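Open the model in your viewer and keep the selection tool at hand. The stops below go from a whole chain to one strand and then to the place where two chains meet.

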2 protein chains.
Amino acid sequence: MLRMKLTFLSALCATLILVGVVTAHESKCKLPRGIRNEIRQYQPLVESIFNQIVSGEYAGKTWESLLDFTDRFGPRLTGSKQLEDAIDFAVEQMSNEGLDNVHTEEAIVSHWERGREWAQLVEPFHKNLPMLGLGKSVGTPEAGILGEVIAVESFEEFENLPAQLVQGKIVVFAPAWVSYGATGRYRYESASLAAAKGAAAVLIRSMTPFSIGTPHTGTTQYEPGVRRIPAAAITVEDAMLLLRKFRRGDKMVIHLKMDAINLEPTISRNTIGELEGTMYKNTSVVVVSGHMDSWDVGTGASDDAGGVFISWKAVSFLKAMGLRARRTIRAIFWTAEEQGLEGVGVYEQQHADNEKKEFNVFFESDSGTYEPTGLDFSGNEVAQCIFGEIAKLMPGFEDFRYTDGVVGSDIGNWVERGFPGVSLRNKNENYFWYHHTDGDTIELEDSGALDKSTALWAATAFVIADLSIDIPKNVVDYSYNTDRK
Amino acid sequence: MLRMKLTFLSALCATLILVGVVTAHESKCKLPRGIRNEIRQYQPLVESIFNQIVSGEYAGKTWESLLDFTDRFGPRLTGSKQLEDAIDFAVEQMSNEGLDNVHTEEAIVSHWERGREWAQLVEPFHKNLPMLGLGKSVGTPEAGILGEVIAVESFEEFENLPAQLVQGKIVVFAPAWVSYGATGRYRYESASLAAAKGAAAVLIRSMTPFSIGTPHTGTTQYEPGVRRIPAAAITVEDAMLLLRKFRRGDKMVIHLKMDAINLEPTISRNTIGELEGTMYKNTSVVVVSGHMDSWDVGTGASDDAGGVFISWKAVSFLKAMGLRARRTIRAIFWTAEEQGLEGVGVYEQQHADNEKKEFNVFFESDSGTYEPTGLDFSGNEVAQCIFGEIAKLMPGFEDFRYTDGVVGSDIGNWVERGFPGVSLRNKNENYFWYHHTDGDTIELEDSGALDKSTALWAATAFVIADLSIDIPKNVVDYSYNTDRK
């Protein structure tokens, strides 16, 4: 094991030199030689961490833990007993592993339940329409809603429809898949847009580039002051069928039944376990994170038990290896992410007053833990230079991608405001095939890919946490962005 | 247009010479030069047929018709009004196209309805289990079945379980996917096997090598004298989850609700339209076929509207081109195939007495109409030699694959008994991803691939129907095989 010999004073000097002297660019970093040399000394340690996790005694263990966890608790919808059971389990296990300051921090979060639901085309022919109600959607009346169908491809097309045509109808929005960001607007905005024109319900085309008759859930949003109407996702195939038939002038009637209900907000918990720093404890913390909750379909293995487990195991394995950095590495498993980043929102508020001192860098994995291809990074120019040097240590992942404020979902607000952020790049080209579906299960997770992800996470977090200097940041003041999805 | 000048007498002579003189082998065909020359003279005609369908005035029309049809009628479950509407539509359209002897032949067939259905794991955690009841399954009592779970991977594993363990349980069969033939046994046999040991219901792993949380339906079978218990397919992912949990000793309880019902048998119809032969009308018929019915999920575009439409359009386009062969080319759209080859079974019985005279060759497409790669053929050695010469005419598809009695599903009994049979080979590697699911829709069908399939079907059927000689056959006597799936 290599441990740095720099003292606190030398660390302070290095920071001053760095910040005062260097004007870094993505293409041309002028880091002081001392910093470069310091980082390069971590090479043997990084390789040791990789070896132990990828091919040594920890190989396969991230996947095994993930399998045990998803089999044990299944899907972990916010408000469900099984989410809280999973949190209790994580606390117990992290304590058993000897992690430091294992605890939870409460957050009042939304409590939506799906209940029984179905949709059926009943005119001009009968066809079951596989569907998933959208999170936070209201239900239908007990008898369901029997409504004639309007189908459009875009908001623009919908805006051109006269309100009297929309009145009392079930409106199908069938936007072509572009990206989760662009196409996702239809999941959020369609219900209130349609309700404002008098629609009875909305059905949206599932957010995916590929389908085997698979509906995809996810939250919707209701605008204040607009009547709340039921909103559900149907399959790509059915959305296109209904759109074609509507355009041909076919009269269609759908029977939609949803028992969905928004209950009183409930208490859930963000889950925390640390590898406490030797020099700094509750300052300059390096956060590694994923979210504990999932949708109530599949088992949320990819979204986001994978992110939870590479974060959790990164800390556990470092602990088991007897490694301890200068700064604290804090694993956080956010709750109620799927409800609209609710758990992290509470945490952010609770830690806002001291955040510039408390946090150094935020890691989050929430875009799959397929075969890793490296790390994404956001931070200022000096931070990029330092991170670039650290990335060079990682065997097989020597480069990184600069993402200019776009890293993660839960940590997004911090990163947008100038905190350095790290997320896992991986071969997730098919991520949205499975996203928020019954196909999000352990079958998507590969043991070798998880080992590499955990190793990359552990080694990068460790070097950052142990460096003589903080990764620099330019943080704008805290303001809670209530519009975040 | 090329038309052969051989008379009936010369045709008879050629047949006698051929059968008497030739001993053909797959590798070494000794066809008389006259036959070879005769076949080769069709080359310009075959190319003209291909050109007109693939890049000429018929290009794109098979797909357009298929789209219109599946959008118009949706899924076509046996016993449904929409299946009978689709049959009426085909009759009307084929009549409008000027096809000969357009009519239907009645068949009394099964009438199963799915009704509402759902399954939910309720212990040790809650999880909806996407499912599709199996065709012909009985329903559950009104309140559903609440049963503890037993899960096995194989029949062997199940046989080793003591009956008292199985009594009253919901048994999950989770066989690994091998092939539709091998793994399909679990769909047919599990219900009665489990019932014989006292099980309350069975859930089988869906028959597919790939899943996005997608259940696959299909018929099950009840053994006479064994109690009929509800049978449904669950997803691959859930089946494996339940199997793993059972093996770990977790107590699991599932609530299964199925309103499925077997109604009185009903009358459906096989649908027929012909291009009548110039020389033979109701003898030596060349049949081109697919099945009209589908499951009640998706729109049955691939299973088997594709097969119906390449057969239908092959005949329609030949008619529109002004071509007419010596023999009749008969398009048949079977009904109730999915119920267990019921429509064709009735047709076969009705045409049994005269079958050796009535039929020459049977074509069927029921394994997808993806990009075609050629034709499969079954027939005796001389038939193979002749078919090989015909295949050489087909631009881009000059070879064929000999399949020794294994061709098609509906026509399988005829082919097994020695009639020459032809089916479409195509790039259907992913066929079972979609098979019997809500993903079996128009999205699976490609316009160019359909054109090529229709062209190959039309040209091959035409040459066979127009040759001076019949394709020879060694037919064993008719016997209706009630075990056919």
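This tour lists what to select and what is found there, in a model that is predicted.

**Stop 1: chain A as a whole**

Select chain A and show it as a cartoon. You will find 16 helices and 16 strands. Along its principal axes, the C-alpha trace spans about 75 × 45 × 40 Å. The radius of gyration of chain A is 24 Å, which agrees with the value near 23 Å for a compact globule of 485 residues. Of these 485 residues, 56% count as buried. Now consider the contacts in chain A between residues at least 6 apart in sequence: 83% of them join residues at least 24 apart.

**Stop 2: strand β12 of chain A**

Select residues 329-334 of chain A, which form strand β12. Is this strand mostly covered or mostly open? It is mostly covered, with six of its six residues buried. Show the side chains to tell the two faces apart. In a regular strand, side chains alternate between the two faces of the sheet. On one side of β12(A) are I329(A), A331(A) and F333(A), and on the other are R330(A), I332(A) and W334(A); all are buried, so both faces are covered.

**Stop 3: the neighbours of β12(A)**

Add residues 261-275 of chain A, strand β10, which pairs with β12(A) in the antiparallel sense over five bridges. To find one of the pairings, pick E274(A), whose bridge partner in β12(A) is R330(A).

Next add strand β11 of chain A, residues 285-291. Strands β11(A) and β12(A) run parallel and are joined by six bridges. Here H291(A) stands opposite W334(A) of β12(A). To follow the chain from β11(A) to β12(A), select helix α10 of chain A, residues 301-320: the path goes through this helix, and the β-α-β crossover is right-handed.

**Stop 4: where chain B meets chain A**

Show both chains. How many residues of chain B are in contact with chain A? There are 28, and they touch 28 residues of chain A. On chain B, select α4 (61-73), α10 (236-247) and α16 (431-434), each of which supplies at least two residues of the side that touches chain A. The most comes from α10(B), with four residues. By type, that side of chain B has nine nonpolar, 11 polar and eight charged residues.

**Stop 5: the two copies**

Superpose chain B on chain A. The operation is a rotation of 180° with 0.0 Å of shift along its axis, and the RMSD is 0.0 Å. The two copies are therefore related as by a two-fold rotation axis. The same surface serves both copies, as 100% of the contact residues of chain B recur in chain A.

Notes
Residues are numbered from 1 along each chain as its sequence is written. Chains are lettered from A and ligands numbered from 1 in the order in which they are written. This is a predicted model: local features need pLDDT of at least 70, side-chain atom pairs count only at pLDDT 80 or more; totals for chains, interfaces and linings use all residues. Two residues are in contact if their C-beta atoms, placed from the backbone, lie within 7 Å. Ala, Val, Leu, Ile, Met, Phe, Trp, Tyr, Cys and Pro count as nonpolar, Asp, Glu, Lys and Arg as charged, and the others, Gly among them, as polar. Copies are superposed by least squares on the C-alpha atoms of residues with pLDDT of at least 70 in both. A residue is buried if 20 or more other C-beta atoms lie within 10 Å of its own, exposed if 12 or fewer, and partly exposed in between; C-beta atoms are placed from the backbone. Two strands pair if DSSP finds at least two bridges between them. A crossover is right-handed if, with the strands pointing away from the viewer, the path from the first strand over the helix to the second runs clockwise. The radius of gyration is taken over C-alpha atoms; the globule rule is 2.2 Å times the number of residues to the power 0.38.
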